[in-house]
Amino acid sequence: MREADDLKIREEAVSPAVEETVPAGPSVPTREQAYEGQEELVPPPVDAPPQQDEVIAAIETVFDPEIPVNVYELGLIYAIDLHDDGRVDIEMSLTAPNCPSAQELPQMVRYAVLSVPTVREVTVKVVWDPPWDMSRMSDNARLALNMF
């Protein structure tokens, strides 16, 4: 017996032919059937301008590492300018000029806003005028910090 024939016989013995059968069961629903009675979520068009509520929601995920309140509720965000081409310009301040988080907080805000699908570019500018004071904090921030 030749080596090739011997190999073929060994392969057949090790892996016999198996017929695959699909068990009977419910059919897979069509797309229309799957979404029947439900509102289909559609992502915003690529060329849609950023929405202010989405940008604010993203900023609210950024917390000052020393204070258990997000930077938006702290009143550190002074201005948010939305542009139709997907650019967002933000002016923010810090609680003090010598704030230990002075380098990281603006970058954290930038990255958070970049996570919004319709945002293409973010510029965060730190401003010191007017200086931040506690009157800029929201009622929620005051409550969280027990400052009433």
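Student: How many salt bridges does a search of the whole structure find?

Tutor: One, in this predicted model. The partners are the side chains of aspartate 85 and arginine 87.

Student: What makes the meeting of aspartate 85 and arginine 87 a salt bridge?

Tutor: Their N to O distance is 2.9 Å. The cut-off is a side-chain nitrogen of Lys or Arg within 4 Å of a carboxyl oxygen of Asp or Glu, so the pair qualifies.

Student: Why are aspartate 85 and arginine 87 called partly exposed?

Tutor: Aspartate 85 has a relative accessible area of 47%, and arginine 87 has 31%. Buried means under 20% and exposed over 50%, so both residues belong in between.

Student: And glutamate 73, how do you know that it has no salt bridge?

Tutor: Look at the nearest side chain of opposite charge, which is arginine 142, 9.2 Å away. A salt bridge needs a distance within 4 Å, so this pair does not count. Glutamate 73 is nevertheless buried; that word stands for under 20% relative accessible area.

Student: Where is glutamate 73, and what is it in contact with?

Tutor: You will find glutamate 73 in the loop between helix H3 (52-59) and strand S1 (77-82). Leaving aside neighbours within four places in sequence, its contacts are Glu60, Arg136, Met137, Ser138, Asn140 and Ala141.

Student: Let's turn to helix H4. Which residues of H4 are buried, and what puts them on the same side?

Tutor: In H4 (residues 104-114), the buried residues are Leu105, Pro106, Val109, Ala112 and Val113. They cover an arc of only 125° around the axis, and therefore lie on the same side of H4. These buried residues pack against H3, strand S2 (87-92) and strand S3 (121-126).

Student: Now the sheet. Why do S1 and S3 count as edges?

Tutor: The open sheet has three strands in the order S1-S2-S3, with mixed pairing. S1 and S3 each have a single partner strand, so one side of each is left without a neighbour in the sheet. On average, neighbouring strands of this sheet are turned by 15° against each other, direction ignored.

Student: How do you know that S1 and S2 pair?

Tutor: Pairing takes at least two bridges, and S1 and S2 have five, in the antiparallel sense, so they pair. Alanine 79 stands opposite glutamate 91 in S2.

Student: Which strands do H3 and H4 lie across?

Tutor: H3 lies across S1 and S2, running at about 140° to S1. H4 lies across S2 and S3, at about 155° to S3.

Conventions
Residues numbered from 1 in each chain as written. Predicted model: local features only at pLDDT ≥ 70, side-chain atom pairs only at ≥ 80, totals over all residues. Heavy atoms only, no water. Helix = DSSP H or I, 4+ residues; strand = E, 2+ residues; numbered from the N terminus. Buried < 20%, exposed > 50% of the residue type's maximum accessible area, 1.4 Å probe, protein only. Lys, Arg positive; Asp, Glu negative; His and termini not counted. Contact = heavy atoms within 4.5 Å. Arc of directions from axis to C-beta. Axes fitted to C-alpha atoms, helices over the stretch in contact; angles between N-to-C directions.
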